[in-house]
Every structure is written in structure tokens, then in C-alpha cells.
Amino acid sequence: MSDKVYYFETLKFLDKRKKLKEAISIAHPNFALVKYWGKNDTEENQPAMSSVSVTIDSLISKTKISENSSSKDLKWSLNGREQNDLNRILPTINYLSNLYGTKDNIQIESNNNFPTAAGLASSASGIASLVTAFERYYDLQLPIEEKIKACMLGSGSAPRSLLGGFVLMDHLDHFRCSQILERTEWQLNILVCITSAQEKIISSRQAMEISRKTSPHYGKWLDINSSHIRQAIRFIKAKDLLGLGRVSEENCDFMHKVINSSVPSITYKNRMTEMCIETVKQLRERGHQLFYTVDAGPQVKIICEQKTSKIIKDAILRQTIVPQIIDASIGMPPQSL
């Protein structure tokens, strides 16, 4: 069946079915253990490299879609505030609307139970929950390829939040996302050290382009990706926490080296970030199994064994001035409520 025939057959199907009165879905952010930083295609928002992540359970993005009966416009509110700039969600909405012929006026209400745009992957979970709610609202059965495409248009890391557990997003295989381990296969804890709740001054998308164009280390950053991906997959399958920690910390540190060496230089870490990292290293020297990772923001994520999670949390609170630590475990795929 040609794409054109498929499109019109889809429209006939949509004309016959009724959409729901409303749809509510939740999704969880994911933290990259082998990160991507930089785009191959800025228009399609496609990462320049593969990545490996872990989905988190305690942090939640919730999206509600309902009919907008007050106007003919698309309306979007984020954490209770109506958004005048819809650019963050329009590529995703337009892609799905054009594909399925859905041109209704809808109201989108998005809420995060954690700081937004602060280096905690709120865009990933937010877009994943939006795509899931859209699918539920229009009673669709979206192929995974279309979910990935729709998510990526909104956030390059959002496709990884479509799966729970440890996830590979392979840029050499059309950004296919696959689960390396399910959440129940390796039960670890993630301590999320909130060192600042403020929004980032420079977004990840902006900073990636600056780094791609100006960092002297960007070429090497591309070159090490495949090696780090192979190592991370091997250590995850072997449930080797220290091995995974070595490659994840090396990857994290190199990404921030690229970011810092950009022109102008960009810094996401703060003093408390460095204090948390130093404490992690001290705890590891004392025999604890744990490692850190830091994304494009100042928050520190500590991955550790469940049996030592409380000891590590108490040590971080005692030896640093971090104001908040969120306890988390490995998370699930998006759900419709």
C-alpha cells in the first residue's frame, strides 16, 4: 500500500471513530549513562550519536489532552502557566496531526513533579507523555517508529523514555530504541541530588550547536561514542556496577569537557555539583559501589546498590550543602491513566 493510499485510509478510519473526552498519561525522565551531545540534523532534531540511558521512577511528567471549547487555537499550559511559545511541542503535534489527519482544537496541560528545564530531562518525559496522551486521546495504535519520530522532534532524548529499564538508542539503526535490561532485572537505586532548581540560561539544544561548531574536542567526542556504547551494554548485561561506572563517568566528564571548551565557554556544573562528585569518589574509595553522572545541568545523579543507598544519601547530606536528594529506582514505560 502506498503512503498516499495509507494516509487516506487512515483518514476514513478516523472519521468513523470517536475520540475520547480527555486523555491523561504519565512518563518518566531518563538519565543518559552514555550521552549524546550534538545533532546530525537540527531540523529533524536527530542526535549525532547513539546513547544508553536508565529510566527513573520517582520523577513524573503528566500530560492531559482535552477539547479546547473556548477557541479554535491549540492551548498549552506547563506547570499551571499558559505558554505563549508553543515551539517546544508544535513539531511533535504537527507531525502526528498531519500523519493522522487530526486537526481538532485541543487543550494540553503538562505538569512535572520535579524542576523543569533544570538538567533533569523534563523535556524527555514531557514529550513522551504528550505522545502517549495523544495516542490515547485519538484511540490510535501508533507504531513504535512513529512514536520515536514524534518524540525526537520534541526532544532528542525523549524516545528513550518510551521504554523502561536500561535503554539503547542506536543512531546507526534509524534511532531504534531497545531495552538492554528490564527494570526488575537489575534493581538499583538512583539518588538525584538537586543542587539548583533554577532553569538553565542556555538550553541543551542551543548549547549543542555551539559545541558542535566551536569545541576543539567535538571530533574526538564523536569518535569515542561507539566504544563507550559497547562497554556500557556489556557492563549492564553483566550487572557490573563498577565497570558501568567507569565508562559512564568517563563519558560524562568528556561531555562536560566539550561543553566547557566551547566558544563561548558553557558551564552547567556549580560548586555543589563538584562537592557531590568528590563525595562519591570518597565513598567509592571506602569500598561502596556507586558512580555519578551529570547531564546538561547542575544536578548530580548517583547510581548505587539498594542496600547502601541510605548510607550514601546520609553521607552526601552530611558532607555537602545540597538542599534536596530525591530517592528513585528504575522506571517503567509511559502509562495512560
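## Pockets, a cavity and helix contacts

The second largest pocket is lined by Ser196, Gln198, Glu199, Lys200, Ile201, Ile202, Ile266, Thr267, Tyr268, Lys269, Asn270 and Pro298. The model that holds this pocket is predicted. The space in the second largest pocket comes to about 250 Å³. Sorted by class, its lining has 5 nonpolar, 4 polar and 3 charged residues.

The largest pocket offers about 1200 Å³ of space. It is lined by 47 residues, and those closest to its centre are Ala117, Ser122, Ser123, Lys200 and Ser204. Lys200 also appears in the lining of the second largest pocket. Several elements each supply at least two residues of the lining of the largest pocket: strands E2 (30-34), E7 (75-78), E8 (81-82) and E9 (106-112), together with helices H3 (122-137) and H5 (204-214). Which helix gives the most to this lining? H3 does, with 5 residues. By class, the lining of the largest pocket has 17 nonpolar, 19 polar and 11 charged residues.

Rolling a probe the size of a water molecule over the atoms shows where empty space is left. In this structure there is 1 cavity of 30 Å³ or more. The largest cavity has a volume of about 30 Å³. Its lining consists of Leu33, Val54, Phe166, Leu188, Ile190, Leu244, Phe291, Ile303 and Ile330. By class, that lining has 9 nonpolar residues, no polar and no charged ones.

Two packed helices are described by the angle between their axes and the distance between the axes. The table gives these values for three helix pairs.

| Helix pair | Axes come within | Crossing angle |
|---|---|---|
| H6 (218-238) and H7 (241-260) | 9 Å | roughly 160° |
| H2 (90-100) and H3 | 11 Å | roughly 25° |
| H8 and H9 (309-319) | 10 Å | roughly 130° |

With axes that cross at roughly 160°, H6 and H7 are therefore roughly antiparallel to each other. The crossing in which H6 passes H7 is left-handed. On the H6 side the contact is made by Tyr218, Lys220, Trp221, Ile224, His228, Gln231, Ala232, Phe235 and Ile236, and on the H7 side by Gly243, Leu244, Arg246, Val247, Glu250, Asn251, Phe254, Met255 and Val258. This contact of H6 with H7 has 11 nonpolar, 4 polar and 3 charged residues. Leu244 of H7 is also one of the residues that line the largest cavity.

How are H2 and H3 oriented, parallel or antiparallel? Their axes cross at roughly 25°, and H2 and H3 are therefore roughly parallel to each other. H2 passes H3 in a right-handed crossing. Thr92, Ile93, Leu96 and Ser97 of H2 make the contact with Ile127, Leu130, Val131 and Phe134 of H3. By class, the contact of H2 with H3 has 6 nonpolar and 2 polar residues, with no charged ones. H3 is also the helix that gives 5 residues to the lining of the largest pocket.

For the third pair, the axes of H8 and H9 cross at roughly 130°, and the two helices are therefore oblique to each other. The crossing of H8 past H9 is right-handed. From H8, the residues Met275, Cys276, Thr279, Gln282 and Leu283 meet Ile312, Ala315, Ile316 and Gln319 of H9. The contact of H8 with H9 divides into 6 nonpolar, 3 polar and no charged residues.

Two backbone details remain. Most residues other than glycine have a negative phi, and most peptide bonds are trans. Asparagine 79 has a phi near 55°, which is a positive value in a residue other than glycine. This asparagine is found in the loop between E7 and E8, and both of these strands supply at least two residues of the lining of the largest pocket. Where is the cis peptide bond? The bond joins valine 263 and proline 264, with omega at about 0°. Proline 264 lies in the loop between H7 and H8 (271-285).

Key. Residues numbered from 1 in each chain as written. Predicted model: local features only at pLDDT ≥ 70, side-chain atom pairs only at ≥ 80, totals over all residues. Heavy atoms only, no water. Axes fitted to C-alpha atoms, helices over the stretch in contact; angles between N-to-C directions. Helix = DSSP H or I, 4+ residues; strand = E, 2+ residues; numbered from the N terminus. Parallel < 35°, antiparallel > 145°, perpendicular 65-115°, else oblique. Left-handed = near helix turned anticlockwise from the far one by under 90°. Contact = heavy atoms within 4.5 Å. Nonpolar A, V, L, I, M, F, W, Y, C, P; charged D, E, K, R; others polar. 1 Å grid on protein atoms, 1.4 Å probe; cavity = no way out; pocket = protein on both sides within 12 Å on 5 of 7 lines; lining within 4 Å. Points joined across faces, edges and corners; volume = space filled by probe spheres on them.
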